Amino acid sequence: MDMNKVKTLNRYHVIFLIQNVIVGTSVLSLPNRLSSMGYSQWWMPLLFGIVANLLLIPIIWLGLQYKNDTLFVIHEKLFGKWIGKLINIMLLLYFIVIIAAVCSSYIELVQVVALINRKITIPLLIFLCMVVYIVSGGIKSIARFCMISFLLTLWFLYFLKWGVMDGNISHTLPLFNFTKEEFFTASKKGLMAIGGFELISFYFPHIINQKKAFKHASIGLWISIGFTFCFSLVSVMFFSQWQLKNVLYPVLNLFKEVELSFLERIDVLGITMWVFLILSTVAAYLWVAKKGLDSIRSTPKKIHLYIIAAVVFVLVEFPYMEEFQQLMFERVFYLMYAMFLWPILLCFIHILKPKKSEGGE
Amino acid sequence: MGIPIEALKSKLAGIEDAVFKQIETTEDEVTLIYFSSLVDKLTLHQMVIRPLSEGILENSSEVIVQPNISELISAITEGSTVVYFPKQNVYLKVNTFSAPSASITVTDTESTVIGPTNAFTESLETNLSLIKRRIQNLNLKSNNFVIGTETHTQVTVLYMDNIANKENLDIVIDKIQNVNHPGFNDSSILQKLMDNHPFSPFPQYHETDRPDNAVSALLDGRIVILMNNSNGVIICPISFFELFISPEDYYNRWMTASLLRSIRFFGFFLTIIMTPTYISVLTYHPEMLPFDVLLNLQESREKVPFSPLIEVLFMELVIEILREAGSRMPTKIGQTIGIVGGIVIGTAAVEAHLVSNTLIVLVAISALLSFLPPNFIMSNTSRFMRYIFIFAAGMFGLFGQMIAFAWLFHHLLTLTSLNTAYMTPIIPRKSSDLLDSFVRMPAKFLKHTSGIAKAQSKKSPPVEKEE
């Protein structure tokens, strides 16, 4: 494929990259994360959508100021070489831990639902090999994979039918039955479900039509918000408040309600099919991490990809300090909020920084 | 000037069918030089000897103005007759190639119930005529090449000058010129040498022996490559989906065509997941089946001592062996042995408790499904892919199958045919492609050339820029 060209992503690529990277494992558990708000949580995804759309503005604006630079390069330009590299190293570590966290949460889910009581070392290894295979095709091949996974997983929405039929629409009212604290707990836990759109600042230089990127990114964002919204609305209709609080993956339980004459336990099929969504998410993050290592070492090399994948494998399969590992994988998502706000800070720095002749391009 | 006849004689020494024939005419004693294996006696008489005796040979022949030895030799190996006039020291060349060739027959590999049934033959000129009599248009252009360092095989590249994409044409010509291979028995070898992804199991060029297929490809702006001595012609570029399109789709009513086409396409995916799903459900996820179905299944494999993986592998390999034996055996024995062998082995295997009844049904259906693609290479590929899925399912159940699927889709997405992406409905996109996809719309809607051809014709809306 055309690996040498820089500008490779057209509008469909942008839409589906944004859309598919957002949908990861956290969607499956979102109704549980938002459960502190009780039944009033069902409109929260819409609110998250608005927040994410607002957060997109500084990201795109910054991208338009540095049309040919990824965020890694922007750091070096704004903070100078050494501080920039330091920030990039921190970013790289953050991405590696995020990848490890996503992988480990998904693989654990597979172990619980599909491969009961079996070792997950080799499935994980094969999963990572698959990711590396996708990433080695470049960002465009990731975008194409996103498209195909969108098409392949779209029909999951049909399985919500049983949840809707057995559910009770009156659960959706009243709208504002929560306290301030409950609202903040829910948003703190839930906002991470929409993480992933911030990656656009890394593949922004590859977009062909950068002026319209905001529009396309918003379309992609709202498609996945629509997905998330459907899941949490049906969960609210179907489950009791107690169930929402105590069932870890409500969406999987929704799938369990499906009754077909030839197939039961759709959740097994669902969770294994979900690998497409996880693959696209992890592939995008891994691509970014690889770019990060490239920019830190100042030379793009294929081996960087394998190094990062190996580090991720070790992180997930690390046999010691399981508690620390758990804690790290949980807490790393809070760093995502810093990532959300970081571009705003960069925008201010960019405005305040004295202009050089080469800086604006 | 001039080459002595002795030089030719020494070059052709050791070739028993090289004939040097002396003929006395009124003015001179001329020598005819030709290969008796390539030139029919009657043709020789009609084309050379009679005109020579009547003194009108100059009208039907070509004078070799400045003869050099290699030109003469290549004329003789092509099947021409070289006539040498010693007095004037002049060489004449008469095209007398008349080796026996098979007549036009009915296609074996791509048969259809309705529509034309002619198949290409192994003569390049007959094949060209089969196409040219269907497209009577000056825009049908051709380029000739000679490839094969030892065999000197003639290759013709055909295209519609007003439709075909010139970039594609350049790529094809470039690829053919850079082919370095001693010999070609069939165009499929050339096809493999031109592949962008030689390690892929999927065919990246369409090979057909139906002239109507080649013609509709030409009209869509594709490029068709014909090779001498090969009854398959190459069509490029092609997309994954097109390998499931039979020309009969366009001769049928549109609803029937759409139904059959969808069965063919989804059949490909069914055939690669049917038996693997049997493995993964029985080995890893028995809870996925409703109780009654599970009971049925368990009853049928109650006495089977093997794991589902071994059971499936055994049965799939048996089917594969039957198919292979059937195609290698002489035709007369082949059919009977194939059918009888299938039934005997099938029932006997169940009665011997080697495999379950259910599995026999699944294997039979998936074997039939694998023969649905009109492109035979594709049907072979689908059977090969099934083994990948069988092992993936044996190792990790449904999870393994999904990973294998992810691999399959990603592989298909990265494949290219003639530097054009292979998965047409997804890339390159053109909305009019949808009219001729799973649903084949009535003929009056099918005005546009397809996206993958990137045709220059005005009738087609522009393709989304992406390659």
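**Confidence, cores and contacts in the predicted complex**

In this predicted model, chain B has a mean pLDDT of 86, with 95% of its residues at 70 or more. Within chain B, the lowest confidence falls in helix α13 (residues 331-351), where the mean is 74, and the highest in strand β9 (residues 223-227), at 93. Where pLDDT is low, predicted coordinates are not to be read in detail. For the complex, the predictor reports an ipTM of 0.90 and a pTM of 0.89.

The domain assignment divides chain B into domain 1 (5-94), domain 2 (124-249) and domain 3 (252-414). The centres of domain 2 and domain 3 of chain B, taken over C-alpha atoms, are 33 Å apart. Contact between these two domains involves 13 residues of domain 2 of chain B and 17 residues of domain 3 of chain B. On the domain 2 side, the touching residues comprise 8 nonpolar, 3 polar and 2 charged.

We turn next to the interior. The largest nonpolar core holds 200 residues, and those touching the most other members are Ile99(A), Cys103(A), Val131(A), Leu279(A), Ala283(A) and Leu286(A). Helix α15 (residues 376-414) of chain B makes the greatest contribution to this core, with 17 residues. Because domain 2 (124-249) and domain 3 (252-414) of chain B both give residues to the core, it lies between them. Cys103(A), one of the residues named above, touches Leu124(A), Phe127(A), Val282(A), Val312(A) and Val316(A), when residues up to four places away in sequence are not counted. There is also a second, separate core of 21 residues, which includes Val48(B), Leu52(B), Ala75(B) and Tyr91(B).

Helix α15 of chain B appears again where the chains meet. The contact draws 24 residues from chain B and 30 residues from chain A. On the chain B side, α15(B) supplies the largest share, 12 residues. The class make-up of that side is 16 nonpolar, 4 polar and 4 charged residues.

A closer look at one loop of chain A rounds off the picture. Ala193(A) sits in the loop between α9 (180-190) and α10 (200-203) of chain A. Ala193(A) counts as buried because 27 other C-beta atoms lie within 10 Å, the cut-off being 20 or more. Leaving aside neighbours within four places in sequence, the contacts of Ala193(A) are Ser26(A), Val27(A), Leu30(A) and Thr228(A). Of these, Val27(A) is 166 residues from Ala193(A) along the chain, yet their C-alpha atoms are separated by 5.9 Å.

Definitions and conventions:
Residues numbered from 1 in each chain as written. Chains lettered and ligands numbered in written order. Predicted model: local features only at pLDDT ≥ 70, side-chain atom pairs only at ≥ 80, totals over all residues. pLDDT = per-residue confidence, 0-100. Helix = DSSP H or I, 4+ residues; strand = E, 2+ residues; numbered from the N terminus. Core = buried A, V, L, I, M, F, W, Y, C linked by C-beta atoms within 7 Å. Buried ≥ 20, exposed ≤ 12 C-beta atoms within 10 Å, placed from the backbone. Domains from an automatic or database assignment. Contact = placed C-beta atoms within 7 Å. Nonpolar A, V, L, I, M, F, W, Y, C, P; charged D, E, K, R; others polar.
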